[in-house]
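Dear colleague,

Please find the structure below, handed over for your own work. My notes on what was found in it follow directly after.

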Amino acid sequence: MRNFLIFLITIQFTLAQEKVSGLIVDAEGKPIENVLIQAPELGVSTTSNANGEFELFLSTKALLTFASDNYETYIKEANPGDIFAVVLQIDASDSENISSSQQLIILSDDELSEDDQASGNISGLLQSSQDVFSRTAAFEFSSSFFRVRGLDTDFGAVQINGIPMNKFYNGRPQWSNWGGLNDMMRNQELSLSAQSSDYNFGGLIGSTNISTKASEYRVGSRITYSSSNRSYTNRAMFSHASGLSSKGWAYAFSVGNRWGESGFIDGTFYDAQSLLLSVEKVMDKQSLNLTVIAAPNRRGKSSPNTQEVYDLMGIKYNEYWGKQDGEQRNSRVRRLVEPIIMLNHELQLSSKTTLNTNLAYQFGELGNSRLDYPGGANPSPTYYQNLPSYHLAAADEPDYSSAYLAQENLRMNGQVDWNRIYDANLASANSGLPAAYVLYEDRADDKQFTANASLKTFLTDEVSLVFNVTHQELTSENFAEIQDLLGANSYLNRDSFDGYAFNLEDPDATASVGDRFRYNYIFDVDQTELYAKTQFNLKRFDGYVSTSLKQTNYQREGIYRHGAYADNSFGKGKKLSFNTLSGKAGLTFKLSGKHLFDVNAAWMQRAPHLRNTYANSRENHYFVGEQAGRELELEEINSYDLSYILRAPNLSVRLTGYYTKLSNASEISFFFAEGIGGDTSSFVQEISQNIDKEYQGVEFGFEANVLPVLTLKGAASVGRHIYINDPSVYLTSDDFGYLDFGTAKMKNLRIANGPQEAYSLGFEFRQNYWWFGFTTNFFRNTYVDASPINRTQNFLLDSDGLPFNDYDPALARELLEQEEFGEYFVSNLVLGKSWRISYGKYVGFFLSVNNIFDGVFKTGGFEQSRNANFRELRQDFTSPKRQFGPKYWYGRGTNYFINLYVRF
């Protein structure tokens with residue numbers, strides 16, 4: 001019956017000399033509407049109509065791709081005049097590839113602090129890609145915190161409905177702002193690597209625009225339940241889309257909840273809700289869409305630990321939590337509530353010109369809690385004086401008895417002792433003293449307005465122009481707020497060590513729950529960008545040229561007059577302005593329908609992100625370099641890549657070589673250091689300037705359909721990412737003000753950006769709506785983050801400013817050798833099945849099991865800078881156990897994610 005139906009409809013088509021035409025149906029002979037049919041090498045495309053019919057004009061023989069949501073992409077070679085039928089198979093995963101990728105976003109982003117390895121998460125940028133290497137990087141490599149081309153996610157651009165989502169503070173997209181809304185984030189357009197999109201100039205590792213237009217969602221409803229042992233343990237979602245009514249209205253919404261007492265890491269609770277509502281009115285030649293997104297979430301953080309702690313407590317250990325009244329309580333909670341409201345208008349000015357105007361307002365708060373102990377001992381169970389290594393490093397000889405007692409105490413009582421904290425505060429309150437301990441939250445309350453307009457016009461069928469203007473304004477209130485006095489009466493708003501007032505305007509103030517204290521300031525930011533792109537698609541060549549002109553202004557306003565910086569902390573500071581000009585160009589040469597060569601080049605200027613602009617914004621107005629008499633320079637980036645692409649019906653291959661140079665970068669670190677200037681100990685800000693980095697390497701990916709039901713796939717990335725100069729380093733501190741340490745010997749050290757070599761090989765089997773896949777991945781060349789201060793002149797100087805009389809250059813090189821973590825394998829499997837209940841109604845599941853052989857491996861880490869000179873570090877290395885060795889993160893052991901769904 002199906003074949004007869006196809007035949008009856010097919011014979012109605014008229015043969016045309018320059019036209020390929022046909023019918024697209026599903027496995028049951030039902031026509032499929034809105035299938036995207038493209039001839040990539042010719043730059044032409046069309047979509048199927050409500051009857052599944054399509055027509056596409058071709059000038060020569062070409063490869064056609066047929067793509068539609070929830071169906072496997074089909075590739076076919078066609079000649080002008082061909083007439084044929086295409087049967088698309090339902091993707092057995094029912095788009096759960098996207099869900100599992102979004103899952104990677106959630107779990108990678110929330111397991112670690114946003115200032116740590118989560119910055120390397122790339123799955124969100126690449127999840128919608130049809131490029132075989134990019135899909136592998138998203139699904140297979142991201143759990144090891146692999147970074148595409150070694151670059152952080154601030155080198156990628158994310159937009160929702162054309163509105164930029166990258167944050168001014170660190171340049172990264174805040175994935176959690178739309179976490180749990182997987183069903184509503186599927187409509188994506190992706191530009192790879194340095195390519196510019198129609199929405200944004202973009203970065204170097206891709207640009208993604210997510211559309212939430214109500215009329216674009218597939219009509220129907222979906223109920224989903226998920227279970228996992230990664231971050232949350234449960235997830236429930238419901239989504240519905242109405243489709244476009246006869247009166248031009250459409251709506252879509254999704255609600256969800258994710259929760260769990262603990263993920264793979266102990267004590268990491270999860271509590272998150274999500275909502276998206278989209279309403280659209282389609283009129284003659286225009287449409288108006290309103291989108292509301294809210295995804296409040298709270299989660300318990302996990303701690304990095306030294307190897308000594310991991311050896312005693314295992315890779316699931318987390319020092320941040322403890323039991324209170326029998327309930328788990330994490331002292332470090334990340335809380336985010338930042339709703340987004342968008343209004344998007346699309347106007348068809350003519351058959352060749354479209355104008356989009358967009359408005360967005362985002363507001364809310366980001367909080368990170370922690371314990372302060374102005375009148376008590378450090379509450380950390382892994383504070384160095386609580387560990388065996390402290391007693392083994394005794395000045396005279398190792399104290400094995402005390403070391404054993406410390407070891408057993410950590411094993412038996414290795415969590416936050418909330419009862420002891422309350423007892424200390426009750427004792428202080430009874431004595432009329434302020435709090436010895438307090439739980440507070442570092443807050444950033446943002447209000448951001450964005451407006452942009454984008455005009456796209458086709459000068460001819462082959463040449464298009466895009467003009468875009470975007471303006472953003474941000475007001476960010478930053479302060480500390482008391483969450484819990486933990487049995488105390490009040491908190492004295494003074495530094496407990498140096499005694500200065502945190503606010504000289506009210507020097508003897510006390511604070512209670514809900515009060516601001518310690519620091520209080522505002523960032524005012526405004527940015528305007530003009531962007532233009534021209535693109536052409538010819539028979540043998542495709543190409544584009546784009547440029548961006550951007551002005552960014554920062555200003556800090558101090559609400560407190562800080563006791564250590566009375567003359568440079570209160571009121572409005574200097575307004576910092578940055579003007580940048582950037583350009584990109586790309587060319588694709590189509591040797592034939594199967595063989596393509598692609599080249600991209602970018603020259604970019606970037607203003608430093610807020611976090612790398614101010615030396616210590618919590619205390620003063622100083623911008624980076626100001627105390628050293630240096631200017632804060634723009635970052636400059638040069639990047640090139642060259643690719644060979646093979647697109648055959650049963651084989652897809654991409655081979656790419658890339659090179660990127662980053663110049664004039666700045667970085668800031670905060671830590672407690674001993675041995676500053678010989679024997680001084682202080683809490684310091686370490687500012688590194690004029691950092692130059694180089695990223696070069698090769699990417700390779702292939703996908704081969706060896707059988708109709710069996711696909712082999714593989715990918716490899718081999719990179720060399722290094723520092724190529726010795727940056728300038730200086731320290732600031734409340735104790736000594738400013739110290740210049742000259743340059744740090746960082747040249748040729750590896751950048752700590754996850755594994756610099758990654759390989760993947762696997763297969764997928766699909767038949768009768770079953771889907772099974774297995775992949776083995778191999779990683780190597782993962783390096784610890786090297787400490788700049790340990791590589792400055794301070795490392796070899798005694799307190800008199802002269803080199804240590806026992807300094808040994810050979811031993812120093814050995815002590816400072818950058819640690820490489822070693823190679824490791826991770827094997828993953830996926831399994832999916834979909835059942836059709838009736839037409840348009842499906843039930844299915846998706847299961848992924850990662851690290852099935854329970855491998856143990858480090859994904860990242862950093863050198864502690866506490867021992868900042870030769871003698872201190874030598875003593876640490878010669879002790880039976882290092883007191884201040886690097887702190888690491890470990891990857892998860894065997895973990896799973898299962899998804900059950902009903903679609904109707």
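Ser226 stands opposite Asn899, a residue of strand 45. The model is a predicted one, and this contact between strands is a convenient place to begin reading it. Strand 12, which covers residues 220-228, pairs with strand 45 in the antiparallel sense, over seven bridges.

Asn899 also has a second partner, since Phe846 stands opposite Asn899 in strand 45 as well. Strand 42 (residues 841-850) and strand 45 run antiparallel and are joined by nine bridges.

The side chains of strand 45, which spans residues 895-903, alternate between two faces. Asn895, Phe897, Asn899, Tyr901 and Arg903 point to one face and are buried. Tyr896, Ile898, Leu900 and Val902 point to the other face and are not buried.

A separate feature is found on the surface. Met283, Leu288, Leu290, Ile341, Leu343, Leu359, Tyr361, Phe363 and Phe449 make a nonpolar surface patch of about 700 Å². Two or more residues of the patch come from each of strand 16 (286-294), strand 22 (340-348) and strand 23 (353-372). The most is given by strand 23, with three residues.

Which strand holds Met283, one of the patch residues? Met283 lies in strand 15, residues 270-283. Met283 counts as partly exposed because its relative accessibility is 36%, a value between the cut-offs of 20% for buried and 50% for exposed.

Two residues deserve a note on their backbone angles. Phi of Lys285 is near 65 degrees, which is a positive value in a residue other than glycine. Lys285 is placed in the loop between strand 15 and strand 16. With a relative accessibility of 56%, Lys285 counts as exposed, because the cut-off for that class is over 50%.

For Asn664, phi is likewise near 65 degrees, again a positive value in a residue other than glycine. Where is Asn664 placed? Its place is in strand 34, which runs over residues 651-676. Is Asn664 buried or exposed? Asn664 has a relative accessible area of 18% and is therefore buried, the limit being under 20%.

In short, the positive phi values belong to Lys285, in the loop between strand 15 and strand 16, and to Asn664, in strand 34. Lys285 counts as exposed, whereas Asn664 is buried.

With kind regards

Note on methods. Residues are numbered from 1 along each chain as its sequence is written. This is a predicted model: local features need pLDDT of at least 70, side-chain atom pairs count only at pLDDT 80 or more; totals for chains, interfaces and linings use all residues. Side-chain values use heavy atoms; hydrogens and water are left out. Buried means under 20% relative accessible area, exposed over 50%, partly exposed in between (1.4 Å probe, protein chains only). Helices (H or I, at least four residues) and strands (E, at least two) are DSSP runs, numbered from the N terminus. Two strands pair if DSSP finds at least two bridges between them. Patches are made of residues with over 30% relative accessible area and no salt bridge: like charges are joined within 9 Å, nonpolar side chains (Val, Leu, Ile, Met, Phe, Trp, Tyr) within 5 Å. Accessible areas come from the Shrake-Rupley method with a 1.4 Å probe; for residues, only the protein chains shown count as cover. A salt bridge is a side-chain nitrogen of Lys or Arg within 4 Å of a carboxyl oxygen of Asp or Glu.
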